[in-house]
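Please open the model in a viewer and keep the selection tool at hand. The tour below proceeds from one selection to the next.

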Amino acid sequence: MRMIVFARLKSNPPTPSVRIAEPFGQVPEPHPRRLERRGQRMSRRSGARTEKENRDLPRLTPDRVIGLLAIVLGIVAILWWVPADAGSPLIERVRGRLRIGDAMAPTVALAILVLGGVVLLLETRLAKHSIRLSPRSLIFLVHCLIVIAVAFALMRWIGPIAVAGWAAATDSTATYRDLRDTVPWKYLGFLVGGTFLVATPIVLCERRFSLRAVLIGLFSAAAMMAVYDLPFDDLLLPPNGDV
Amino acid sequence: MGVFDYVLAGILAVFQGPLLFEGLGFGIPAAPLMLFFGFFVGIAVGATPGLAGPMAMAISLPILISIFGVRPEALLPVFGFLIGVMKGATIGGAVPAILFNISGTPDAMMTALDGYPLARKGQARRALRIAHVSSASGDTLSDIVLFVCAPFLAVLVERFLDLPEKTALIILSLAFVAAIMGDSVGKGLISVALGLLAAFVASGEDFYPRLTFGLDALSGGFPLTAVVLGVLIVGEIFASIEHMWWNGPEPPAKVEDTSKRGGLRPGDVRRIAPYAFRSAVLGTTIGALPGVGSTLAATLGYAFGHQRYKMRKAPGDPQFGDGAPEGIAATEAANSAVSGANLIPVLSLGIPGNAAAVFIVLAADSIGGFNPGPSVFKFTSPEVNPELVVAFGIFTLMALGNLLNWTAGWYVMRAMGIMSRVNRHVLMPIVLLVTLTAIYVQETNLGALWIIVGFGVLGYVFRKVGIAVLPFVIAYILAGALERAARQAFSASGADPFFLFSSPVSIVLIVAAVAVVTLLSREAKLSVGHRHASTVDQR
């Protein structure tokens, strides 16, 4: 991986905009191209950014925000969260003997988090570029979570709602809990929710509704039922372990 | 029992273990058959862009546990399947790279550099054959080193390392993994810290479950499977779908050359042998270090191969990158040699070094009766150490897998070109459903599904901000062992706060941990962006 770094540096060498000072007194002004080459060599050796790169890189890059967040959250958690949310302090005395308490391990983990933040901030001083985050990622994530939440809701409620409707139509007193081990009730929620979970991302990626996507979802859910439910009596498909 | 008796017991445990089915008076032992199934599945997923060995392991593990149950007899059949997937996936990855120039992983990209040009010259079959032979050679060397080194290392660790040294060893491993994986040491440390923190939720010794905010829902902690699958698999699914979500599905792969004629030419083996051997040694060495994956091995193997080739290239031979068989051999031997050697730290020290090893640990943890680590290699006599028998059973399965690699591997690999035509935007939602269903049948609770989705979101965010996910998973797995060892070492030392500096060995290990973090963080590595950190080294 480091070789890739070097390859990149070679292909995009930083352009120095500062005059390189000669160490031993006054010497004739070198040719600008020679200066540039020397600057490139020194910059590569030290790993430091040039002024131009400093100008190009905003002060608060995502990497620096992550580093600062790690430091602040780590310190806050060490000082407030861990002492308030652990059963014993860092070191405790039990029957006259000292032993490590429950707060020690999380405190060490958080100290590593703070250290990671500090190291990241130091690294960003030398880095040529930072990661770029786009709001599209957040929009995508929200869409994904909505699809998953709807799929889970369908899995959870389709069966009970269907049973309630059937019971109302037939004057039965049966609930979903009574019928959750019988066909077709036990499959309804998983089949509908699973089909939705598979078909929706396909439809959204293809930007058009297609019967093919629904059939792929239906087949996938049916295949899962065949793998888990048919051969094993003791395994439960969603949501039959919850209701 | 002597060493030979244990080796024999391990071999017999594979062939005389539980039967998968019986017919015509013959019983078919489950472990070898599961190895074959796993090998077939491994090549198929390796040949499918967007899928990889660990993904298949993640999906199949709950199914395997359902089939074989959680009893010690289930260990070898389950390990057989997982080892088969691991070995198959390493050779399967070369198929789309050579035939379609599709590189699902960075190391497959190195294979494509010479494999695809060779395929375009009408020598696709020859390119595949070279990849297969090199890959199998790397795998063989790696397995031999594993068989010799893992027990030796474990015995050394058990004999010379006491509690403080074992604590220091885990700290060194975590420091190494944090420093070497991804593009930034700082981000690696953050990943390790968050993994430890997640593992410490509700896992203390006191009556009050720590770090739970008093919530009952958190009082049981996070299920190991949900955390591992969430960060490794669901996060990867989110990241894979995102591009197609915004830009539409990728066009299906077009094969440049489907010629069925050809194969190895006279002199090919002699030509690629030095490159394959050097890369296999390099890959094995790199693979034995926790956290250093096949990507680095493939990159270095290719680079060293290139150096040698420049000096010895005959006039008229193609350049590296222009269809040189030596380029394929150098890459494939290196990345395949990583897979066996990666099991050295997990079997001898209990420290998983890559995603495949994580699933071996996960299987052992789920089934019980086998705790990977130095205590496995205790040659007790006259009492039988069942864990040691399982360890030699694993070695037997590795050797059988290698045999499969040499024999059936080529035929299965050749037939798997079709897998490259599977659409990723169709595949990924199916993998999501399979993963969620697999978690539900284990936990029987919709809350567990939200936990896996939550860790999936964390895995996705890690990938977006360039934090490597594997240090998180490895830290999560090692957190319990680290805390236990530290508590015991502290008590045993009479509450000495400097117990980690109580012996020269532990001092050396701690100094090495500090040195790894300090020296590697001096490199400004962020500039390569998060492409590499975001790709789980899954092969």
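A nonpolar core is a set of buried Ala, Val, Leu, Ile, Met, Phe, Trp, Tyr and Cys residues joined through C-beta atoms within 7 Å. The model shown here is predicted.

**The nonpolar core.** Select Leu82(B), Ile98(B), Ala193(B), Ile452(B) and Val473(B) to begin; these residues have the most contacts inside the largest nonpolar core, which comprises 246 residues. Next, colour helix 6 of chain B, residues 106–160, which supplies the largest share of this core with 19 residues. The core also draws at least three residues from each of domain 2 (62–126) and domain 3 (135–228) of chain A.

**Chain B as a whole.** Display chain B alone, where 20 helices and two strands are found. Its radius of gyration is 23 Å, close to the 24 Å that the globule rule gives for 539 residues, so chain B is as compact as a globular protein of that length. Along the principal axes, the C-alpha atoms of chain B fill a box of roughly 70 × 55 × 50 Å. Of the 539 residues in this chain, 62% are buried.

**Helix 8 of chain B.** Select residues 185–200 of chain B. At 1.5 Å a residue, the 16 residues of this helix should span 22 Å, and the end C-alpha atoms are 22 Å apart, which agrees. Is helix 8 of chain B enclosed or open? Since 16 of its 16 residues are buried, helix 8 is largely enclosed by the rest of the structure. Just after this helix, select Ala202(B), which takes a positive phi of about 60 degrees.

**From Ala193(B) to chain A.** Restore chain A and select Ala193(B) again; this residue touches Ala109(A), Leu110(A), Ile112(A), Leu113(A) and Gly116(A). Then select the whole contact between the chains, which takes 72 residues from chain A and 71 residues from chain B. On the chain A side, helix 5 gives the most, with 15 residues. By class, that side of chain A has 46 nonpolar, 13 polar and 13 charged residues.

**Helix 11 of chain B.** Finally, select Ala298(B), which lies in helix 11 (residues 294–312) of chain B. A residue is buried if 20 or more other C-beta atoms lie within 10 Å of its own. With 31 C-beta neighbours inside 10 Å, Ala298(B) therefore counts as buried. Add Phe15(B) to the selection: the C-alpha atoms of Ala298(B) and Phe15(B), 283 residues apart along the chain, are separated by 35 Å.

Methods:
Residues are numbered from 1 along each chain as its sequence is written. Chains are lettered from A and ligands numbered from 1 in the order in which they are written. This is a predicted model: local features need pLDDT of at least 70, side-chain atom pairs count only at pLDDT 80 or more; totals for chains, interfaces and linings use all residues. Helices (H or I, at least four residues) and strands (E, at least two) are DSSP runs, numbered from the N terminus. The expected span of a helix is 1.5 Å times one less than its number of residues. A residue is buried if 20 or more other C-beta atoms lie within 10 Å of its own, exposed if 12 or fewer, and partly exposed in between; C-beta atoms are placed from the backbone. Domain bounds come from an automatic or database domain assignment. Two residues are in contact if their C-beta atoms, placed from the backbone, lie within 7 Å. Ala, Val, Leu, Ile, Met, Phe, Trp, Tyr, Cys and Pro count as nonpolar, Asp, Glu, Lys and Arg as charged, and the others, Gly among them, as polar. The radius of gyration is taken over C-alpha atoms; the globule rule is 2.2 Å times the number of residues to the power 0.38. Lists of a residue's contacts leave out its neighbours within four places in sequence.
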